[in-house]
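Please open the structure in your viewer and keep the sequence panel beside it, as this tour moves from one selection to the next.

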Amino acid sequence: MKAILPALLILIPGVNLFAQEKAAPQPLTVVKPATEGKVWGALIFATNDAAQLIGSQEKAPAHLGQLNDRLSKVFGFKHFEILGQHQQDIFREYESWVVPSRDLFLKIDSNGPADNGGVKLHLQVWREQQVLVKSDAVLRAGSPLFIGGPKWKNGRLIFVLSLERK
Amino acid sequence: MKPPSEDHDLIRWIDGEMNDAERATFEARLKSDPMLAKEAEELRALSAGIQAHLPAEMKIPHADFFNSQIQVRIAQMDLDESRQKQAGNTSLADLFLSWIRQPWFATAGAVALAVLGFVWMRPHTQDTSHSLILSSYTPGLGVEASTYHDNEADATVLMLDGLEEVPSDRKISGISVHRSETEPEVASTTLFDATGSPLLVISRDDAGHPLFLTNTPRG
């Protein structure tokens, strides 16, 4: 027995080493970046001529209520059509893109939570390769931001950005 | 009862206020009028008795004693006069003082101050409940940005005026993005539609301009 014990002690590390070589590779862990909330962005065509509408069937989220009525009070057009929309996380440490269209889209950088609720943001409105406006804003849930963009077909392109409630 | 004039002369005589001629005339009368002489003797005895129990002279407290007494008296008269003027109607000050003296006044005052403090310090919810545009900058020439909050629409408006109009024959179409994945190491974001199919990969070029890496539906 005394002669066998040292031999076993020598063999045990070798067995463990062999076991490590046979172990399956660990899967890569996907870490989702920290976020400050989620926004809904949309590119909307506003016009008084219904014939100019392109027939999009996109619908606004329910939390915005009667969006067309609200837009009409600000911009005065009769018809509104959502051309594209995008739900996007606001990343705490990285830029976020809200791209309902390649023609008019938004870059967002978070500046952290705002006092009394909401998120402080740095916004850039892009028209293809041209930045139209850079803005610092506080976005709060239930209070959308309407951005009046360029004119198009006797109407206007409007960008709507809304913070979703958590 | 003696006539006042005689009493007056008698007192002046007792007090030694008569000159020599007056005193001689009066003393002649005393000799001829036993009744006056008796009264004079009684008054003199009374005066002597009073003077015997009083000090010959009183010491003045201080040099300005009489002036100060006059000023005190004038002040008292002024005060009495002002009180008489106010006596006709009960002043608000007296009413307020009577309130202050009430035992419940301190508690009620503390509560009132607390309520006022709360009203003054409370957050202005109307100003902080909606979104705000803090600043804006338009790099394009002739482009102006104006901001305001529309109460009827309950929305914050950032109006861009002076932008170049999009040609009418240009087709503008959108996409519907339901999900995105970002890869911070390569600074790219992949956008997915409702079915999970990738729509677009957006990154930035060396100049920081957005760069679309995947063809997407366009008008």
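Select chain A and consider which residues touch one another: among its contacts with a separation of 6 or more, 58% join residues 24 or more positions apart. This is a predicted model, and every value on the tour is computed from it.

With chain A still selected, colour by secondary structure, and you should be able to pick out two helices and eight strands, which follow one another along the sequence in the pattern α-β-α-β-β-β-β-β-β-β. If you then look at how enclosed the residues are, buried ones make up 41% of the 166 residues in chain A.

Next, show chain B as well, and turn to where the two chains meet: 46 residues of chain A are in contact with 50 residues of chain B. On the chain A side, the elements that contribute two or more residues are α2 (67–75), β2 (79–91), β6 (130–139) and β7 (145–152), and β6(A) gives the most, with nine residues. Colouring this side of chain A by residue type divides its residues into 23 nonpolar, 13 polar and ten charged.

Now select β6(A) together with residues 132–137 of chain B, which form strand β1 of that chain. In which sense do these two strands pair, and over how many bridges? The pairing is antiparallel, and five bridges link β6(A) with β1(B).

As a last stop, zoom in on V138(A) and look across to the other chain, where L132(B) in β1(B) stands opposite.

Note on methods:
Residues are numbered from 1 along each chain as its sequence is written. Chains are lettered from A and ligands numbered from 1 in the order in which they are written. This is a predicted model: local features need pLDDT of at least 70, side-chain atom pairs count only at pLDDT 80 or more; totals for chains, interfaces and linings use all residues. Two residues are in contact if their C-beta atoms, placed from the backbone, lie within 7 Å. Helices (H or I, at least four residues) and strands (E, at least two) are DSSP runs, numbered from the N terminus. Ala, Val, Leu, Ile, Met, Phe, Trp, Tyr, Cys and Pro count as nonpolar, Asp, Glu, Lys and Arg as charged, and the others, Gly among them, as polar. Two strands pair if DSSP finds at least two bridges between them. A residue is buried if 20 or more other C-beta atoms lie within 10 Å of its own, exposed if 12 or fewer, and partly exposed in between; C-beta atoms are placed from the backbone.
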